[in-house]
Amino acid sequence: MKYKLCYFGNAALREKSEPVKEVNDEIRAFVKEMIKVMYSHNGMGLAAIQVGVPLRIFITTVRSVDGQGYPVYGSPQVYINPKITVTDPTVWVEQEGCLSLPKIYEDVPRPTAIKVEALDENGKPFEENLKLWMARPRLHENDHLNGVLSIDRAPPHRKSALRSQLKKIKKRYNDKK
């Protein structure tokens, strides 16, 4: 694979991503590489910055919800230059994991409903109104585009409790010479 996953401690994860100027073959090829990285790590979503590329692109495989409201996975959906608007400020707290934070799952508060406007991999604009499990992964990946990690949204006492795990991740994945 051409790109490698960035882990906690990698400065790229704190960068704010730049808009994609033109959706072209180069961007489409990059998205295919992102998908390979995501699948190689058994992920359900990935932001471009997680492979060190500061472009406003993310993908997710959460495509619908089942009869009980739980996520149903499918082929990756591409979001280029996403703009997210909160349409219901009611907060829903649920555990989230992140490929860049292996084996860490934390309760993260998120709005229950959003509107997303973005471009697809062909540069065609689209918009979606999403709730709960459809909204959560898009909010998570969009946070990455702004240099925000899920643990940043955890309560302060939890961040303190995670300190040793985060040090281990940083040492294992970033201190290699």
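Biologist: What is the volume of the largest pocket?

Modeller: In this predicted model, the largest pocket has a volume of about 510 Å³.

Biologist: Which elements give two or more residues to its lining?

Modeller: Three elements do so: β3 (71-98), β4 (101-119) and α2 (132-145). Of the elements, β3 gives the most to the lining of the largest pocket, with six residues.

Biologist: How many residues line the largest pocket, and which lie nearest its centre?

Modeller: The lining consists of 25 residues, and those nearest the centre are Met44, Gly97, Cys98, Leu99 and Tyr105.

Biologist: How many of the lining residues are nonpolar, polar or charged?

Modeller: By class, there are 13 nonpolar residues, eight polar ones and four charged ones in the lining of the largest pocket.

Biologist: Turning to α2, is the helix mostly covered or mostly uncovered?

Modeller: Helix α2 is mostly covered, with 13 of its 14 residues buried.

Biologist: What distance does α2 reach from its first C-alpha to its last?

Modeller: The 14 residues of α2 reach 20 Å, close to the 20 Å expected at 1.5 Å a residue.

Biologist: And what comes just after α2?

Modeller: Glycine 147 follows just after α2, and this glycine takes a positive phi of about 75°.

Biologist: Which residues other than glycine have a positive phi?

Modeller: Asparagine 81 is one of them, with a positive phi of about 50°. Lysine 103 is another example, with phi near 65°.

Biologist: Where do those two lie?

Modeller: Asparagine 81 is in strand β3, and lysine 103 is in strand β4.

Biologist: Why does asparagine 81 count as buried?

Modeller: Asparagine 81 counts as buried because its relative accessible area is 18%, and buried means under 20%.

Biologist: Is lysine 103 buried or exposed?

Modeller: Lysine 103 counts as exposed, because its relative accessibility is 71% and the cut-off for exposed is over 50%.

Biologist: What separates lysine 103 from isoleucine 169?

Modeller: Along the chain they are 66 residues apart, and their C-alpha atoms are separated by 9.6 Å. Ile169 belongs to α3, where Leu162, Leu166 and Ile169 are buried. What covers the buried residues of α3 includes β4, the strand in which lysine 103 lies.

Biologist: Where is the kink in α3 centred?

Modeller: The kink in α3 (residues 156-174) is centred on arginine 163 and amounts to about 50°.

Biologist: Back to β3: what does isoleucine 84 touch?

Modeller: Isoleucine 84, which lies in strand β3, touches Ile114, Lys115, Val116, Arg138, Leu139 and Asn142, leaving out residues up to four places away in sequence. Isoleucine 84 and isoleucine 114 are 30 residues apart in sequence, yet 6.6 Å apart in space, C-alpha to C-alpha.

Biologist: Why is isoleucine 84 classed as partly exposed?

Modeller: Its relative accessibility is 25%, so isoleucine 84 falls in between the limits of under 20% for buried and over 50% for exposed.

Biologist: Which strand holds phenylalanine 126?

Modeller: Phenylalanine 126 is in strand β5 (residues 125-131).

Biologist: What is phenylalanine 126 in contact with, leaving aside neighbours within four places in sequence?

Modeller: Its contacts are Gln77, Val78, Tyr79, Val116, Glu117, Ala118, Leu119 and Asp120. For valine 116, ten residues apart from phenylalanine 126 along the chain, the C-alpha separation is 8.2 Å.

Terms used. Residues numbered from 1 in each chain as written. Predicted model: local features only at pLDDT ≥ 70, side-chain atom pairs only at ≥ 80, totals over all residues. Heavy atoms only, no water. 1 Å grid on protein atoms, 1.4 Å probe; cavity = no way out; pocket = protein on both sides within 12 Å on 5 of 7 lines; lining within 4 Å. Points joined across faces, edges and corners; volume = space filled by probe spheres on them. Helix = DSSP H or I, 4+ residues; strand = E, 2+ residues; numbered from the N terminus. Nonpolar A, V, L, I, M, F, W, Y, C, P; charged D, E, K, R; others polar. Bend = angle between axes of the 7 residues up to and from the residue. Buried < 20%, exposed > 50% of the residue type's maximum accessible area, 1.4 Å probe, protein only. Contact = heavy atoms within 4.5 Å. Expected span 1.5 Å × (residues − 1).
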